[in-house]
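The following exercises are to be worked through with the sequence and the structure at hand. Each task is followed by a solution in steps.

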Amino acid sequence: MKKLFLVILGLVVLVGCAEHDPILDGKRHAVFETEKLIVLNKKTPVSDKTTVVKNTKRCPYTQDKTNTIWSGKTKIFTGFSSKHFVESNQSPICTGSYLYTGLTTGEVIKVNVYTQRVEWMTDLFKLNSVTGGTGIVDIVAHVVKDSDSVYAGGLGDMFCKLRSSDGDKIWCVAISVPVDFVVTSDAIFVVGADNVLYALNKNNGMAYWKTEVKNQVQPVYKDQILIIGTEKINAVDGTIINIQ
């Protein structure tokens, strides 16, 4: 209940048209509306030249369950803590002077690690995911930065492509994201909380195709094949290759 109260309180502030968070520095974006998820039933453009986007640069910062980010014993960022959260191994990713990460309270943040300034904070959940009474908006999947965009999804029924410079929405679709997703040079592969694998267009968020899967685990992409637990799926058209 405390978590739900804090989230609703935050929404009240946002509805009051405040552009900046009353406690934290930096621009804050109001709750976005998602677009209706359109399934095109088309093949993805993946090919033998498709590569996986990996944020592999060493990031020396840690993140704990209270939404605090640390550099050793020094606090880089302190958010709202919550008694109710979904267990995850969330941790920041680093690019240049900035880190990006998701919080258990449903926000994605960009922080300047040298000044400790919050550059922006974007709420990543649908309004009805809070007002409906569940209050489960945790971001448990690692965010992915690809060029000038940040991809992120949470349990608040929202998966988004954001502009990395200011956190503005490029597109958002209604997918609840319980596990890490895969961004490639040609498409995005997301396993939803509905046990459906979605192949998304990077430009507009539309689904090339969708297919049911047995397990909610992170997809592994290799050579136009997706491995979801014990299942192998054709990344071009979503057909199941085999089930062990």
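**Exercise 1.** In the hairpin of β17 and β18, which residue takes a positive phi?

*Solution.* The model is a predicted one. Begin with the pairing: β17 and β18 are antiparallel and share three bridges. Within this pair, Lys222 lies opposite Ile225 of β18. Two residues separate the strands of the hairpin, and Asp223 is the residue with a positive phi, near 55°.

**Exercise 2.** Continue to the hairpin of β18 and β19, and identify the residue that takes a positive phi there.

*Solution.* Strand β19 covers residues 231-234 and is joined to β18 by four bridges in the antiparallel sense. One of the facing pairs consists of Ile227 and, in β19, Lys232. This hairpin has two residues between its strands, and Gly229 adopts a positive phi near 65°. The side chains of β18 may then be sorted by face: Leu226 and Ile228 belong to the covered face, whereas Ile225 and Ile227 belong to the uncovered one.

**Exercise 3.** Determine which strands stand at the edges of the open sheet of four strands.

*Solution.* First, write the order, which is β13-β14-β15-β16 with antiparallel pairing. Next, count partners: β13 (182-183) and β16 (207-212) each have a single partner strand, so each has one side without a neighbour in the sheet and stands at an edge. Finally, examine one pair. Two bridges link β13 to β14 (residues 188-191), and Val182 faces Phe189 of β14.

**Exercise 4.** Apply the reasoning about edges to the open sheet in the order β2-β3-β4.

*Solution.* The pairing of these three strands is antiparallel. The edges are β2 (62-63) and β4 (74-78), because each has a single partner strand and therefore one side without a neighbour in the sheet. Strand β3 (residues 68-71) is joined to β4 by four bridges, and Ser71 has Thr74 in β4 as its bridge partner.

**Exercise 5.** Which elements give two or more residues to the largest nonpolar core?

*Solution.* This core has 17 residues, and those with the most contacts inside it include Phe189, Trp209 and Leu226. The contributing elements are β14, β15 (196-200), β16 and β18 (225-228). A second core, separate from this one, has 16 residues, among them Ala141, Ile175, Phe181 and Leu200.

**Exercise 6.** Describe the lining of the largest pocket.

*Solution.* The pocket holds about 400 Å³ of space. Its lining has 22 residues, of which Val53, Lys54, Asn55, Val144 and Gln218 are the closest to the centre. By class, 14 are nonpolar, five polar and three charged.

Conventions: Residues numbered from 1 in each chain as written. Predicted model: local features only at pLDDT ≥ 70, side-chain atom pairs only at ≥ 80, totals over all residues. Heavy atoms only, no water. Pairing = 2+ DSSP bridges. 1 Å grid on protein atoms, 1.4 Å probe; cavity = no way out; pocket = protein on both sides within 12 Å on 5 of 7 lines; lining within 4 Å. Points joined across faces, edges and corners; volume = space filled by probe spheres on them. Nonpolar A, V, L, I, M, F, W, Y, C, P; charged D, E, K, R; others polar. Core = buried A, V, L, I, M, F, W, Y, C linked by side-chain atoms within 4.5 Å. Buried < 20%, exposed > 50% of the residue type's maximum accessible area, 1.4 Å probe, protein only.
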